[in-house]
Amino acid sequence: MELNRIVHSSGIASPVTSRRGLVARLRYLDSPAGRAELQSQGVSPRTIRTWMKDKGKISPTSASRERIDAAYWHRRRENLIRSGWLVRHLDNEGRGRRMEIYPVDQTRVEAKYRRDLSTRSITVRYIWGDLVDAWATRDAHLVDEIWDDVISDLDSDYNAYAYVSSVGISA
């Protein structure tokens, strides 16, 4: 989802494969919640203690680096949601954010059934709190309801955008 892209664009830019990226992620995860997340990714408490003690000197396997990266992004996502930063960022002081809606690719649809749909752009306001909450709880039904509210502002052709190939948010 596009919200994942926004979360990833606000995090540590250095890859986990670099020393800098690895150490930065371990520093971010050096908390009870971060350690718990590492454990939920399958890292043993003993390994976590070793990593936290020798952050700059460790050389974890590629599988361990993937676990560290997954734990980092999960904690980052949870922290941005909990702090309210993501909602504030998207709400933009009530001005909302511009959303580009890309229609479903119809190249494989038989010509007589194909619809000529273009990319639509709309400014979306006031739904961000509900949308982030639904995304955080993985409530697909509520996300669908919110999406119906968004596309109803597209006037007469809104049903054509009930299913789309992708959505872009200018955030």
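Me: Which helix is the place of glutamate 2?
Reply: Glutamate 2 sits in a helix, and helices here are DSSP runs of H or I with at least four residues, while strands are runs of E with at least two, both numbered from the N terminus. Keep in mind that this is a predicted model, where local features need pLDDT of at least 70, side-chain atom pairs count only at pLDDT 80 or more, and totals for chains, interfaces and linings use all residues. Residues are numbered from 1 along each chain as its sequence is written, and side-chain values use heavy atoms, with hydrogens and water left out. On that footing, the place of glutamate 2 is helix H1.

Me: Is glutamate 2 buried or exposed?
Reply: Buried means under 20% relative accessible area, exposed means over 50%, and partly exposed is in between (1.4 Å probe, protein chains only). Glutamate 2 has a relative accessible area of 17%, so it counts as buried.

Me: Which residues is glutamate 2 in contact with, leaving aside neighbours within four places in sequence?
Reply: Contact means heavy atoms within 4.5 Å. The other end of the numbering comes in here: glutamate 2 and serine 166 are 164 residues apart in sequence, yet 8.3 Å apart from C-alpha to C-alpha. The contacts of glutamate 2 are Val167, Gly168 and Ile169.

Me: What arc do the buried residues of H1 cover around the axis?
Reply: In H1 (residues 2-9), the buried ones are Glu2, Leu3, Ile6 and Val7. The arc is taken from the directions from the helix axis to the C-beta atoms. The buried residues lie on the same side of H1, because they cover an arc of only 145 degrees.

Me: What do the buried residues of H1 pack against?
Reply: Glu2, Leu3, Ile6 and Val7 are the ones to follow. Their partners are H5, helix H6 (85-91), H7 and S3.

Me: Why do the buried residues of H8 line one face of the helix, and what is their arc?
Reply: H8 (residues 140-152) has 13 residues and reaches 18 Å from its first C-alpha to its last, close to the 18 Å expected (1.5 Å times one less than its number of residues). Its buried residues are Ile146, Trp147, Val150 and Ile151. An α-helix has 3.6 residues a turn, so residues three or four places apart point the same way. Seen down the axis of H8, the buried residues line one face because they fall within an arc of 135 degrees.

Me: Which strands and helix are included in what covers the buried residues of H8?
Reply: The residues being covered are Ile146, Trp147, Val150 and Ile151. The cover includes strand S1 (97-103), strand S2 (120-124), helix H7 (128-136) and strand S3 (164-169).

Me: Which residues do ring pairs link into a cluster?
Reply: Rings of Phe, Tyr and Trp (its six-membered ring) pair if their centres lie within 6.5 Å; planes under 30 degrees apart count as stacked, over 60 as edge-to-face and the rest as tilted. A search of the whole structure finds two such pairs. The cluster they make is Tyr28, Tyr72 and Trp73.

Me: How many residues apart are tyrosine 28 and tyrosine 72?
Reply: Their ring centres are 5.0 Å apart and the planes stand at 75 degrees, so the pair is edge-to-face. Tyrosine 28 is in helix H2 (residues 19-28) and tyrosine 72 is in helix H5 (residues 62-83), which makes this a link between distant parts of the chain, and their separation is 44 residues.

Me: What is the angle between the planes of tyrosine 72 and tryptophan 73?
Reply: Tyrosine 72 is buried at 1% relative accessibility, and tryptophan 73 is buried as well, at 13%. Their edge-to-face pair is 4.7 Å centre to centre, with the planes at 70 degrees.

Me: Which helix gives the most to the largest nonpolar core?
Reply: A nonpolar core is a set of buried Ala, Val, Leu, Ile, Met, Phe, Trp, Tyr and Cys residues joined through side-chain atoms within 4.5 Å. The largest has 40 residues, and those with the most contacts inside it are Leu3, Leu38, Ile68, Leu90, Met99 and Trp128. With six residues, the top contributor is H5.

Me: Where is arginine 138, with its positive phi?
Reply: Phi of arginine 138 is about 55 degrees, although it is not a glycine. Arginine 138 is exposed, with a relative accessible area of 60%. Its place is the loop between H7 and H8.
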